[in-house]
Amino acid sequence: MYSVMAIKVEERAAKAPDFQEVLTKHGCIIKTRVGFHETDGNKCSKDGIILLHLYGDKKEFQELFEDIQKLDGVTPKFIEF
């Protein structure tokens, strides 16, 4: 089964280590990871959006969702079609 999860990360530089630890824990179900944040020559955004293309079963997706949800300032949502 495939699924897509979008994750908003506030204060991404501060949250990156804990967030990366969760992604590594669930790395076997992550097929693709894409990150977006605003940047230009003068600044780099504090917040970002991560899209995950997942492969596995719903139980594994839910476990990842719950682990991400435990992180302060990090909000996951499933994208369903």
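1. A nonpolar surface patch is a pleasant place to start: Val34, Phe36 and Ile49 together have about 240 Å² of accessible area. Patch members have over 30% relative accessible area and no salt bridge, with like charges joined within 9 Å and nonpolar side chains (Val, Leu, Ile, Met, Phe, Trp, Tyr) within 5 Å. A salt bridge here is a side-chain nitrogen of Lys or Arg within 4 Å of a carboxyl oxygen of Asp or Glu. Areas come from the Shrake-Rupley method with a 1.4 Å probe, and for residues only the protein chains shown count as cover.

2. Please keep in mind that this is a predicted model, in which local features need pLDDT of at least 70, side-chain atom pairs count only at pLDDT 80 or more, and totals for chains, interfaces and linings use all residues. Residues are numbered from 1 along each chain as its sequence is written, and side-chain values use heavy atoms, leaving out hydrogens and water.

3. Now to the aromatic pairs, of which the structure holds two. Tyrosine 2 and tyrosine 55 form a tilted pair, since their ring centres are 5.0 Å apart and their planes at 50°. Rings of Phe, Tyr and Trp (its six-membered ring) pair if their centres lie within 6.5 Å; planes under 30 degrees apart are stacked, over 60 edge-to-face, and the rest tilted.

4. Phenylalanine 65 and phenylalanine 78 make a stacked pair, at 5.2 Å centre to centre and 15° between the planes. Phenylalanine 65 is buried at 14% relative accessibility, while phenylalanine 78 is partly exposed at 27%. Buried means under 20% relative accessible area, exposed over 50%, and partly exposed in between (1.4 Å probe, protein chains only).

5. Phenylalanine 19 also deserves a look: beyond its neighbours within four places in sequence, this residue is in contact (heavy atoms within 4.5 Å) with Ile7, Val9, Ile50, Ile68, Leu71 and Val74.
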